[in-house]
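Trainee: Before we begin, could you show me the structure that we are going to read together?
Mentor: Here it is, and we shall take its features one by one.

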Amino acid sequence: MKRLLLLGGIGEALRLARRLGPTHIYSLAGLGQVPDDLTCQVRVGGFGGAEGLADFIAAEGIDLLLDATHPYAAQISRNAARAATLAGIPCWALRRPGWQAEAADDWREVDDWGGLTEALQDFQRPLFTLGREPLAHLHEIPVHQQWTVRCLQALPATPRAEIIGARGPFNLEGERELFTRLRSDVLISKNSGSQSTEPKLQVARELGLPVLLLRRPQLPPVDREFANLDEIWQALLEAGV
Ligand code: NAP
């Protein structure tokens with residue numbers, strides 16, 4: 001049987017890890033929850049770059065590396081592709097497709113935080129749903145804006161920002177209530193493509209709100225790419241994992 005090293009960080013990776021037997025290793029950065037009810041081995045924390053990961057692959061006799069990290073976690077994806085080359089094993093990746101705008105949607109892509117700040121100038125009540133990054137900019141909130149930041153970590157409110165700690169999945173009803181309570185006039189998000197966080201886009205659509213999307217990072221080429229879990233599972237079975 002081939003030994004798999006699964007790099008996780010998103011829901012699909014955990015669902016895949018739940019199907020793996022004790023030969024295989026599921027690796028997490030350690031920022032989120034670490035499951036303690038899996039049959040496969042679980043390791044937590046960085047490897048020390050591509051070289052460290054290649055060393056780990058060699059030491060553990062890994063036959064196949066599967067990158068199922070978040071589409072915006074570009075560093076670990078680069079490391080994975082490089083480490084697999086160094087170690088002489090294949091690298092496969094889950095490359096979840098991004099969300100697609102519908103005809104009437106007003107979605108605007110921005111490259112980085114600078115582009116985002118500029119695109120936000122005309123709005124008063126932005127709702128940030130792209131992780132922790134806005135927390136480093138709370139001292140820069142323009143006087144005409146009141147921010148809401150939803151991320152994993154809850155923090156006390158500041159005079160012009162509410163910080164909501166929440167973990168998906170989010171449902172449509174809850175998202176409708178949130179947007180109404182906050183009177184948000186623009187939604188900010190990564191284009192993660194995850195079903196579990198998609199309802200906010202539906203609510204923005206219903207309310208006719210613009211959505212500012214942080215552009216997806218470039219990811220390295222790998223030996224095989226898969227769009228969803230079923231495709232990966234089928235390929236793993238065929239490969240003898
Ligand atoms: P990143 O910038 O691409 O990676 C930073 C470092 O974290 C990597 O160089 C690696 O350290 C370590 N790392 C990341 N994923 C790992 C894994 N599965 N196993 C072991 N080490 C890992 O990633 P990030 O954006 O900080 O995200 C960190 C983790 O959270 C990722 O696993 C990602 O899938 C997940 N996540 C990210 C986002 C997001 O928006 N970025 C959202 C949801 C979940 P070494 O170089 O020392 O090996």
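**Reading sheets, helices and cavities**

Mentor: Let us start with one pair of strands: β4 and strand β5, made of residues 91-94, run parallel and are joined by three bridges. Within this pair, D67 stands opposite A93 in β5. Please keep in mind that we are reading a predicted model.

Trainee: What holds such strands together, and in which senses can they pair?
Mentor: In general, the strands of a sheet pair through backbone hydrogen bonds, and the pairing is either parallel or antiparallel. Here, β1 and β4 also pair in the parallel sense, over four bridges, and L5 has L65 in β4 as its bridge partner. Strand β1, residues 4-7, pairs in the parallel sense with strand β2, residues 25-28, over three bridges, and in that direction L5 stands opposite I25 in β2.

Trainee: What is the strand order of the open sheet that holds β4 and β5?
Mentor: That open sheet has six strands in the order β3-β2-β1-β4-β5-β12, with parallel pairing. Its edge strands are β3 (41-44) and β12 (224-226), each of which pairs on one side only. Averaged over the sheet, neighbouring strands are turned by 20° against each other, with direction ignored. Helix α2, residues 49-60, packs on this sheet and touches β1, β2, β3 and β4 (64-67), while its direction makes about 150° with that of β1.

Trainee: Which residues of β4 lie on its two faces, and are they buried or exposed?
Mentor: Both faces of β4 are covered, with L64 and L66 on one side and L65 and D67 on the other, and all four of these residues are buried. The term buried stands here for a relative accessible area under 20%.

Trainee: How many strands does the open sheet that includes β7 and β8 have?
Mentor: This open sheet has six strands, in the order β6-β11-β10-β7-β8-β9, and the pairing is parallel. Because β6 and β9 stand at the edges with a single partner strand each, one side of each is left without a neighbour in the sheet. Here, neighbouring strands are turned by 20° against each other on average, direction ignored. As an example of a pair, β7 and β8 run parallel and are joined by two bridges, and L127 has T148 in β8 as its bridge partner.

Trainee: Which strands of this sheet does α5 touch, and which does α6 touch?
Mentor: Helix α5 packs on the sheet against β7, β8, β9 and β10, and its direction makes about 165° with that of β9. Helix α6 packs on the sheet too, touching β6, β7, β8, β10 and β11, with its direction at about 155° to that of β10.

Trainee: Which residues of α6 are buried?
Mentor: In helix α6, residues 199-207, the buried residues are P199, K200, L201, V203 and A204. These buried residues pack against several elements, including β6 (107-110), β7 (126-129), α5 (172-182) and β11 (211-214).

Trainee: What should I expect of phi and of peptide bonds before I look for exceptions?
Mentor: Most residues other than glycine have a negative phi, and most peptide bonds are trans. R183 is not a glycine, yet has a positive phi of about 50°. R183 is found in the loop between α5 and β10, and because its relative accessibility is 57%, R183 counts as exposed. Just after α6, G208 takes a positive phi of about 70°. As for peptide bonds, the one from G168 to P169 is cis, with omega near 5°, and P169 is found in the loop between β9 (161-165) and α5.

Trainee: How many cavities of 30 Å³ or more does the structure hold?
Mentor: The structure holds two of them. The largest cavity has a volume of about 40 Å³, and its lining includes I10, D67, H70, R95 and L219. By class, that lining has four nonpolar, three polar and three charged residues. One of these lining residues, D67, is also among the buried residues of β4.

Trainee: And which residues line the second largest cavity?
Mentor: The second largest cavity is lined by W113, T117, H137, E140, P142 and W147, and its space is about 30 Å³. By class, its lining has three nonpolar, two polar and one charged residues.

Terms used. Residues numbered from 1 in each chain as written. Predicted model: local features only at pLDDT ≥ 70, side-chain atom pairs only at ≥ 80, totals over all residues. Heavy atoms only, no water. 1 Å grid on protein atoms, 1.4 Å probe; cavity = no way out; pocket = protein on both sides within 12 Å on 5 of 7 lines; lining within 4 Å. Points joined across faces, edges and corners; volume = space filled by probe spheres on them. Nonpolar A, V, L, I, M, F, W, Y, C, P; charged D, E, K, R; others polar. Pairing = 2+ DSSP bridges. Axes fitted to C-alpha atoms, helices over the stretch in contact; angles between N-to-C directions. Contact = heavy atoms within 4.5 Å. Buried < 20%, exposed > 50% of the residue type's maximum accessible area, 1.4 Å probe, protein only.
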